[in-house]
Amino acid sequence: MLERLNQAMEHIESQLDREIDVARLAHMAVTSEYHFRRLFSALAGIPLSEYIRRRRLTVAGAEVLAGERTLLDVAMRYGYGSGEAFARAFRGMHGVGPGEARRTGAALRSQPRMSFRLIVEGSSSMRYRIVEKEGFRVVGKKARVPLVHVGVNPAIAEFIRGIGPETLQRLTALSDQEPEGIIAVSDQLDASRAEGSELDYYHGVVTCAEVPGDMDALPVPAGMWAVFESSGPFPQALQFLWRDVFTQWFPSNPYRSRQGPEILRTRLSPDGAQAEAELWIPVERSAA
């Protein structure tokens, strides 16, 4: 799969001065567009759209300094509809406008070309299982929150504090299947997985029971799930688990992610410093 990803990266380089079809990139990588965007974000550390933007502005910067084309020609070549839009984007990346950069020969920032390679560490194994699950409901309390990659998510922490013990007891009683007990559910995540992008967060349970009037519900259709187990310091172990699933497990196994919520079941130690986690990711078999 890494070889196919690198073929897609080469295609990006050949198309920087024209529109890039993400569906074609996904086809080259023999996966879905949804999974390609998520896998790229996990491997590269930035969204695909941001990488393409930075690469365009990097090569555009070289042309600005070369002085062989007018600034408007450079802007139009790399997809900017006006000189003003190009100048704003250029300054946002390089810290200086294109006109000033050309006049003064300013030092510009560069986004290096990316390629992917496999590093085999062998320090630990990842515990997982594949589960075929009938349709179910997530029932609980819902909030719209920003995505945080590292550390405690303040918006989620504040939301959970406001739920109250009586509501949590009622929810726990509704749990009637795995993953059992109170769970954290992330839905409607932006494909880029960019820091600060918003998602629907549910604090609730998995159940087939009727939905209480004061609760929110998320119907989840039947499908295949990859279930990963981890333990370690909280919350780092949970966030590293998600990272490892997309950077290590998916490139090495014949599955890809599919549309659907991600479910995290966490059990904290008495002092809250350690956690045991079970992460459920909706998956499907990759194309041969």
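This is a short walk through one protein chain, stop by stop, with something to select at each. Keep in mind that the model is predicted.

**The whole chain**

Start zoomed out, with the cartoon on. You should find ten helices and nine strands. Along the principal axes, the C-alpha atoms fill a box of roughly 70 × 45 × 35 Å. The chain has 288 residues, and 45% of them count as buried. Now switch to a surface view: about 14,800 Å² is exposed, with carbon and sulfur atoms supplying 50% of that. If you colour by charge, look for 34 positive and 36 negative side chains; the centres of the two sets lie 5 Å apart. One more thing before zooming in: take the contacts between residues at least 6 apart in sequence, and 72% of them join residues at least 24 apart.

**The largest nonpolar core**

Select Ile 12, Phe 36, Leu 48, Phe 228 and Phe 250 and show their side chains. They belong to the largest nonpolar core, a set of 33 residues, and these five touch the most other members. Which elements each supply at least two residues of this core? Colour them to see: the helices α1 (2-14), α2 (22-28), α3 (33-44), α4 (48-66) and α10 (236-252), plus the strands β6 (223-233) and β9 (274-285). Nonpolar side chains tend to be buried together in soluble globular proteins.

Stay on Ile 12 for a moment. Beyond its neighbours within four places in sequence, Ile 12 is in contact with Ile 20, Leu 25, Leu 48, Tyr 51 and Ile 52. Then pick out a second, separate core: it has 14 residues, among them Leu 57, Met 93, Val 96 and Ala 106.

**His 11, on helix α1**

Next, click His 11, which sits in helix α1. Is it buried or exposed? His 11 counts as buried, because its relative accessibility is 10% and the cut-off for buried is under 20%. Setting aside neighbours within four places in sequence, the residues in contact with His 11 are Arg 24, Leu 25 and Met 28.

**Helix α9 and its two sides**

Move on to α9, residues 165-174, and select Thr 167, Leu 171 and Leu 174, which are buried. They span an arc of only 50° around the axis, so they end up on the same side of α9. What do they pack against? Show β2 (136-146) and β4 (198-207): the buried residues of α9 pack against both. Now spin the view to the face turned away from that buried side, where you will find the exposed residues Pro 165, Gln 169 and Ala 173.

**A loop stop at Val 152**

Val 152 is in the loop between β2 and α8 (154-161). Leaving out neighbours within four places in sequence, its contacts are Ala 157 and Pro 235. For a sense of distance, draw a line from the C-alpha of Val 152 to that of Tyr 80: the two are 72 residues apart along the chain and separated by 38 Å.

**Last stop: Pro 282**

Finish in strand β9, with Pro 282. Pro 282 counts as buried, because its relative accessibility is 1%. Apart from neighbours within four places in sequence, Pro 282 is in contact with residues including Met 224 and Trp 225, and also with Arg 256, Ser 257, Arg 258, Gln 259, Gly 260, Pro 261 and Glu 262. Then add Arg 38 to the selection: Arg 38 is 244 residues from Pro 282 in sequence, and their C-alpha atoms are 13 Å apart in space.

How values were computed. Residues numbered from 1 in each chain as written. Predicted model: local features only at pLDDT ≥ 70, side-chain atom pairs only at ≥ 80, totals over all residues. Heavy atoms only, no water. Helix = DSSP H or I, 4+ residues; strand = E, 2+ residues; numbered from the N terminus. Buried < 20%, exposed > 50% of the residue type's maximum accessible area, 1.4 Å probe, protein only. Contact = heavy atoms within 4.5 Å. Areas by Shrake-Rupley, 256 points an atom, 1.4 Å probe, with all protein chains shown as cover. Lys, Arg positive; Asp, Glu negative; His and termini not counted. Charge placed at Lys NZ, Arg CZ, Asp CG, Glu CD. Arc of directions from axis to C-beta. Core = buried A, V, L, I, M, F, W, Y, C linked by side-chain atoms within 4.5 Å.
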